[in-house]
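This report introduces a structure to a reader who has not met it before. Please look over the sequence and the model shown here before reading on.

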Amino acid sequence: MPGRAIIHTMRATILHAPRDIRLEDVPTPELHTDTDAVVRVVASCICGSDLWPYRGINPVPAPRRIGHEFIGIVEQVGSAVSTLRPGDFVIAPFAYSDNTCVHCANGVHPSCENGGFWGFDDRDGHLADACQGELVRVPLADGTLVATPGEPPPEHLPHLLSLSDVFPTGHHAAVSAGVAAGSTVVVVGDGAVGLSAVLAAKRLGAATVVAMSRHADRQSIARSFGADEIIAERGEDGAAAVREILGGIGADHVLECVGTAESMAQALRSARPGGRIGTVGAPNGAELDLPTMFRRNLGVAGGVAPVRHYLPELLRDVWDGTVRPGEVFDQALPLDKVADGYRAMDERKAIKTLLTL
Ligand SMILES: [Zn+2]
C-alpha cells in the first residue's frame, strides 16, 4: 500500500511473572503461510483462566504473551484464504483450527489435527500471537475466523467479543448436559462463564433455571439473563434448596462452570437421579465421584468448548439482538490499562474486563 507507514513493532501484553504484567513493544506479525491472516484487534478481554498464571497457580517459567479472546478487522490475508478479505470484521475463537479435519468435522475443534492455541508457536514454528495486543497473526484463517454480516455498531462489540469464549463455553455446558425445551437446569458458578450458561440454557428453552450465586452484582446479571431462581447456599444446604425449588428431586441438567472439587460435588448432588451434568470449568482439583454417579445414574460430559463449531449459530442470535451475552463485561479499559484490568479481576472487583484498542 503506497504511502502507508510501515510499523515494525506493536504493543502486546506480556506476563513476566506472577502479578507482573506489562504492555510492551513486540515484533509486528506478518503472514508466514498462504493460509494466514493478520487481524487488527478492535477489542480483547481478560479471562478467568488468564488469572491462573497471573496468580502463579500455573507456573510462569519465562515471560510469555497472553490473551486468547478477540474481535478485529482483517488487515492482510494469504493467497489461499478464500472466505475473508481485508476489511472484514471477524470473531476469533479461543483456539485456531482448520475446520476440515476429522475432529473438526465431528464438532470437536479444540482437538483439531492442525490447530492450536494463541500465544504459542504453531506447527510451523511461528508464533500465533496472543490476543491482548494490537495485531494477531491467525494461522488457518479460513477455518478459524468467522466474519460478521457487516460492520457492527459500537454497542454490538461486547456481545460479539463474548462469542470468542464465554458465551459459547456456557452454551457448551448446556449442550453437553442435554438441556432441552421445558427442562430444569441448575448452574454452578457465577463467573462470566456461569452467567453465560444461564443465558445459554434459557436460549435452548429451559423452563426453570436456578443460578447458584452469593454476590448481588452477579445475581443481578443472572436474573437479566433469565435465571428464575437464585440460591446462595452451598453444599448440602444448596442441594436441599435446589430440590425444594425443583419438585423435590433436583435438576434434569446441571451446568458445572468452575472446575473445583467443591463445584463438581455441588453439581452431582444438585442433579436428580438420571440427571446430566455438563462441565466446562477447567479442572482445578475437580474429581468425579463414580460410586455416586453409578448409584444415582448420573452422566457427565463436556470439556474444552468447540467455539468455532457453535459460532455461526450463536452469531445469528447475537447479531439480531435475540441475546445480549456481552452484559457479562462490567469493566472496560483501554489496552494500556491492562495491568489494572488484571488487578481488578484478581481482586474480584470486576467480573470480566473488556480491553479496547
Ligand atoms: Zn481440524
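Four donors count as tetrahedral if all angles lie between 85 and 135 degrees; four count as square planar and six as octahedral if opposite donors are over 155 degrees apart and all others between 65 and 115, and anything else is irregular. Donors themselves are N, O and S atoms within 2.8 Å of the metal (3.2 Å for Na, K and Ca), and sites may look incomplete because water is not among the atoms.

The model is predicted, with local features needing pLDDT of at least 70 and side-chain atom pairs counting only at pLDDT 80 or more, while totals for chains, interfaces and linings use all residues. Residues are numbered from 1 along each chain as its sequence is written, and side-chain values use heavy atoms, with hydrogens and water left out.

**The zinc site**

The zinc ion has as its protein donors Asp98 (OD), Cys101 (SG), Cys104 (SG) and Cys112 (SG), which lie 2.1 to 2.3 Å from the ion. The angles subtended by the four donor atoms run from 91 to 119°, and the arrangement is therefore tetrahedral. Along the sequence, the donor residues follow the spacing D-x2-C-x2-C-x7-C.

Burial is judged by relative accessible area: buried means under 20%, exposed over 50%, and partly exposed in between (1.4 Å probe, protein chains only). Asp98 has 12% relative accessibility and so counts as buried. Cys101 is buried too, at 8%.

**The parallel sheet**

Helices (H or I, at least four residues) and strands (E, at least two) are DSSP runs, numbered from the N terminus. Two strands pair if DSSP finds at least two bridges between them. An open sheet is formed by six strands with parallel pairing, in the order E13-E12-E11-E14-E15-E16. At its edges are strand E13 (229-231) and strand E16 (299-302), each of which pairs on one side only. On average, neighbouring strands of this sheet are turned by 20° against each other, direction ignored.

Within the sheet, five bridges pair strand E11 (residues 184-188) with strand E12 (residues 208-212) in the parallel sense. Val187 stands opposite Ala211 in E12.

Contact means heavy atoms within 4.5 Å. Axes are lines fitted to C-alpha atoms, for helices over the stretch in contact, and angles run from 0 to 180 degrees between N-to-C directions. Helix H9 (residues 261-270) lies across E11, E12, strand E14 (251-256), strand E15 (271-279) and E16, and runs at about 145° to E15.

Asp252 belongs to strand E14. The side chains of Asp252 and Arg272 are joined by a polar contact of 2.6 Å; a polar contact is a pair of N or O atoms within 3.5 Å, where within protein one must be able to donate a hydrogen and the other to accept it, and residues adjacent in sequence count only if both atoms are side-chain atoms. Neighbours within four places in sequence aside, the contacts of Asp252 are Ser183, Thr184, Arg272, Gly275 and Arg276.

**Strand E6 and its partners**

Strand E6 (residues 89-92) is covered on both faces, with Phe89 and Ile91 buried on one side and Val90 and Ala92 buried on the other. Strand E5 (residues 70-77) runs antiparallel to E6 and is joined to it by four bridges; Ile73 has Phe89 in E6 as its bridge partner. E6 also pairs with strand E10 (residues 146-147) in the antiparallel sense, over two bridges, and there the bridge partner of Ile91 is Val146.

Val146 is also among the contacts of Arg308, counted without neighbours within four places in sequence; the others include Pro93, Ser97, Asn99 and His109. Arg308 lies in helix H11 (residues 307-319). Arg308 and Tyr96 are 212 residues apart in sequence, with their C-alpha atoms 8.3 Å apart in space.

**Selected residues**

The table sets out the location and accessibility of several residues.

| Residue | Location | Relative accessible area | Class |
|---|---|---|---|
| Thr13 | strand E1 (residues 9-17) | 1% | buried |
| Asp252 | strand E14 | 18% | buried |
| Arg308 | helix H11 (residues 307-319) | 11% | buried |
| Arg19 | loop between E1 and strand E2 (20-27) | 48% | partly exposed |
| Asn297 | loop between helix H10 (290-296) and E16 | 54% | exposed |

A polar atom of the Thr13 side chain lies 2.8 Å from the backbone oxygen of Gln132. Arg19 is not a glycine, yet its phi is positive, at about 60°. Asn297, also a residue other than glycine, has a positive phi near 55°.
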